[in-house]
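Student: Could we go through this model together, starting with the ligand site and then turning to one of the chains?
Tutor: Gladly; here it is.
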Amino acid sequence: MSNTTHPAPNSELQSYLDMDLLRFTTAGSVDDGKSTLIGRLLYDSKSIFEDQYEAVKASSEKRGEEYVNLALLTDGLRAEREQGITIDVAYRYFATPKRKFIIADTPGHIQYTRNMVTGASTANLAIILIDARKGVIEQTMRHTFIASLLRIPHIVVCVNKMDLVEYKEEVYNSIRKDYQAFASKLDSIDIHFLPISALNGDNVVDRSDKMPWYEGSTLLYLLENIHIASDHNHIDCRFPVQYVIRPMSNEHHDYRGFAGRVAGGIFKTGDKVTVLPSGFQSKVKSIDTFSGPIEEAFAPMSVTLTLEDEIDISRGDMIVRENNQPHVSQDLDAMICWFHSKPLQANSKFVIRHTSREARCMVKEIQYKVDINTLHRLEDDKNIQMNDIARIRIRTTIPLLFDSYSRNRNTGGIILVDEATNETVAAGMIV
Amino acid sequence: MSKNYTLKHLQELESESIYVLREVAAQFENPALLFSGGKDSIVVSHLARKAFAPAKIPFPLMHIDTGHNFPETLEYRDWWANEIGAKSIIKYVQDSIDKGRATEEKGINASRNVLQTVTLLDAIEELKLDCCIGGARRDEEKARAKERFFSHRDEFGQWDPKNQRPELWNLFNGRKNVGEHFRVFPISNWTEMDVWQYILAENIPLPKIYFSHKRKVFMRDGQWLAGDFDFLAKKPTEVVEEKIIRFRTIGDITCTGAVESTASTLEEIVQEVAASRTTERGTRADDKRSEAAMEDRKKQGYF
Ligand SMILES: Nc1nc2c(ncn2[C@@H]2O[C@H](COP(=O)(O)OP(=O)(O)O)[C@@H](O)[C@H]2O)c(=O)[nH]1
């Protein structure tokens with residue numbers, strides 16, 4: 001019937017299973033070389049297939065370009081091909097023997113803040129490109145601000161097109177100084193700097209012999225080795241119940257499992273837990289998976305919990321530890337990025353989604369708008385347009401069970417949905 | 001004992017996919033899993049089994065049968081559905097043709113792949129499905145690189161690449177108006193290599209034609225097509241010969257190309273995939289029709 005084989009202990013499989021995962025996003029303004037950089041990473045790390053390379057080569061020739069335009073490798077939809085620009089978030093994949101990478105490729109135009117916010121929401125790391133000839137510009141600050149707002153744990157600033165400034169150390173150093181002066185105003189993040197030429201491949205995958213003054217690592221080395229183990233919260237136990245599993249079979253007659261993805265902390269069998277919002281207490285009886293029960297579960301594992309006591313629990317409830325509980329409230333403040341062409345109005349109503357919980361809410365107050373180029377609070381400007389960042393106060397119809405976004409991205413993120421069109425109109429980070 | 005609380009990448013992908021499948025069960029009333037018998041939809045159904053254990057998968061597998069499937073695929077389909085205890089629904093492209101809903105393509109490159117769209121959209125309407133789960137991956141093709149996990153379709157089943165809902169963190173917005181539906185792609189973030197390594201690690205059974213076998217084939221546009229089916233018309237110059245081949249993807253017989261291969265175990269296949277320098281969609285004739293072929297079919301409602 002089926003052709004099965006039993007895998008012998010296989011060292012190649014073993015090393016594949018040992019790889020970990022880094023998600024990163026790229027930001028830069030138009031023509032800073034983002035597509036070229038991604039193309040270069042894919043090509044030099046041998047993640048490009050022959051037919052893809054041939055297709056790009058043919059397209060380059062058709063366009064009358066002198067060299068194989070690696071930027072075309074990441075060029076997606078037809079509309080963009082026609083306009084010659086990237087218009088949305090596109091995801092790319094490559095792997096080295098150490099890590100697998102997911103790139104959220106987002107464009108850098110002013111009107112597309114929402115795309116960068118989207119790409120940044122799941123990223124461990126952001127690459128921010130600066131054109132060596134232009135230095136730190138408004139967009140650089142905006143991208144850095146968004147990365148910090150979305151709490152991307154690591155930032156790598158690539159000063160690109162070093163070939164066009166004769167690979168000069170002074171140029172690099174002065175850009176670096178400018179950037180640091182600006183970034184020091186933001187919440188502390190782990191920042192790295194690199195001088196590169198995406199076009200020629202200097203310091204991307206291979207070390208450059210043109211910049212002997214640079215003693216740091218290449219971009220790929222950094223991506224492969226940056227420490228990501230502490231990017232998840234392993235302290236505050238949070239288990240949003242996603243789905244209740246009730247087999248309704250003779251074999252599992254009384255089984256009630258609470259399926260979900262651990263959003264924080266480490267759950268162990270025997271742990272005393274509290275279920276919110278009811279406040280009922282119980283103990284973890286088992287942590288189940290298809291392959292059998294396991295002893296402990298941590299973020300971002302998808303598991304099924306069973307409890308010692310029969311408690312009424314449904315989607316949207318949260319299982320936590322007794323002595324470490326999230327906020328339970330109908331009032332919250334959030335920094336939001338507005339996504340819709342229709343401006344945000346105070347007192348308007350939305351559907352709010354947070355972990356596995358959904359409620360209705362009202363925007364009680366627009367507190368201020370942020371000028372994303374200067375980071376100034378514009379207390380008098382309450383006109384929130386698409387791509388604006390603002391601080392707002394929200395009241396929900398039922399309590400949400402949340403942490404501040406800076407404490408836990410999984411339990412501090414919200415989206416607002418328009419009740420009439422069902423479009424996602426804003427993303428928010430609970431303050 | 002010091003412990004490292006990080007997931008390895010395949011574990012993280014698995015956990016993400018299980019999360020997405022559970023969201024489907026929680027957010028939709030009447031979902032179905034589109035099952036083609038290919039390795040991607042097999043992996044998705046395997047993940048669905050994991051997501052809801054010890055309960056059964058709370059939605060049916062649905063196969064859109066072009067009538068041009070390899071017999072091995074159909075045999076596998078029925079066996080697998082039974083194995084994982086899933087309900088299965090089969091809809092036939094032939095029925096759409098008989099009812100005059102779809103017109104058979106003519107000529108040497110005729111394929112029923114495009115007609116699948118009609119049968120699928122009719123099935124969605126007839127069964128009032130509000131969500132179809134698919135095994136598409138973003139790494140397969142450029143147009144898919146921008147696809148969301150939850151992909152919203154209007155009442156005509158169409159995809160509008162410029163008006164996709166932004167997806168943040170793991171908050172998926174499956175709200176919709178009457179008549180609209182969603183396509184959900186739980187393994188969006190997997191690559192071809194991930195899928196193969198996972199099949200190997202989990203020892204998931206596959207249809208026989210993925211493995212090396214002897215078959216009558218003929219060469220067209222640089223790839224081997226099956227030579228043992230009458231509905232696949234041959235040009236006079238196309239000579240049928242016997243080769244040791246296997247299929248890297250499973251689709252409609254008329255447009256699924258085989259590769260010469262002696263890989264007869266999963267390990268050998270994984271090694272072959274690792275060494276190969278051609279993407280798997282390179283062996284599917286339907287995407288080659290034009291550079292933007294996939295994008296066009298998506299807009300019409302196929303995947
Ligand atoms: N000289 C030089 N040109 C570059 C470099 N990186 C990118 N470019 C060129 O800058 C232009 C814009 O690059 P592209 O990757 O399309 O920019 P994007 O808009 O940020 O994606 C193209 O003509 C590239 O060839 C570099 O390191 N050096």
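Student: How far does a polar side-chain atom of A:Ser197 lie from an oxygen atom of the ligand?
Tutor: The two atoms are 3.1 Å apart, where a polar contact is a pair of N or O atoms within 3.5 Å. This is a predicted model in which local features need pLDDT of at least 70 and side-chain atom pairs count only at pLDDT 80 or more, whereas totals for chains, interfaces and linings use all residues. Residues are numbered from 1 along each chain as its sequence is written, chains are lettered from A and ligands numbered from 1 in the order in which they are written, and side-chain values use heavy atoms, with hydrogens and water left out.

Student: And how much of the ligand does the protein bury?
Tutor: Taken alone, the ligand exposes 580 Å², of which the protein buries 79%, with accessible areas from the Shrake-Rupley method and a 1.4 Å probe.

Student: What about A:Thr36 and A:Asn160, how far are their polar side-chain atoms from a ligand oxygen?
Tutor: For A:Thr36 the distance is 2.4 Å, and for A:Asn160 it is 3.0 Å.

Student: Which helix gives the most to the shell around the ligand?
Tutor: Helix H2 of chain A, residues 34-44, does so with 3 residues, helices being DSSP runs of H or I with at least four residues and strands being E runs of at least two.

Student: Switching to chain B, how many helices and strands are there?
Tutor: Chain B has 9 helices and 10 strands, and 64% of its 303 residues are buried, meaning under 20% relative accessible area with a 1.4 Å probe and protein chains only.

Terms used
A polar contact is a pair of N or O atoms within 3.5 Å; within protein, one must be able to donate a hydrogen and the other to accept it, and residues adjacent in sequence count only if both atoms are side-chain atoms. Buried means under 20% relative accessible area, exposed over 50%, partly exposed in between (1.4 Å probe, protein chains only).
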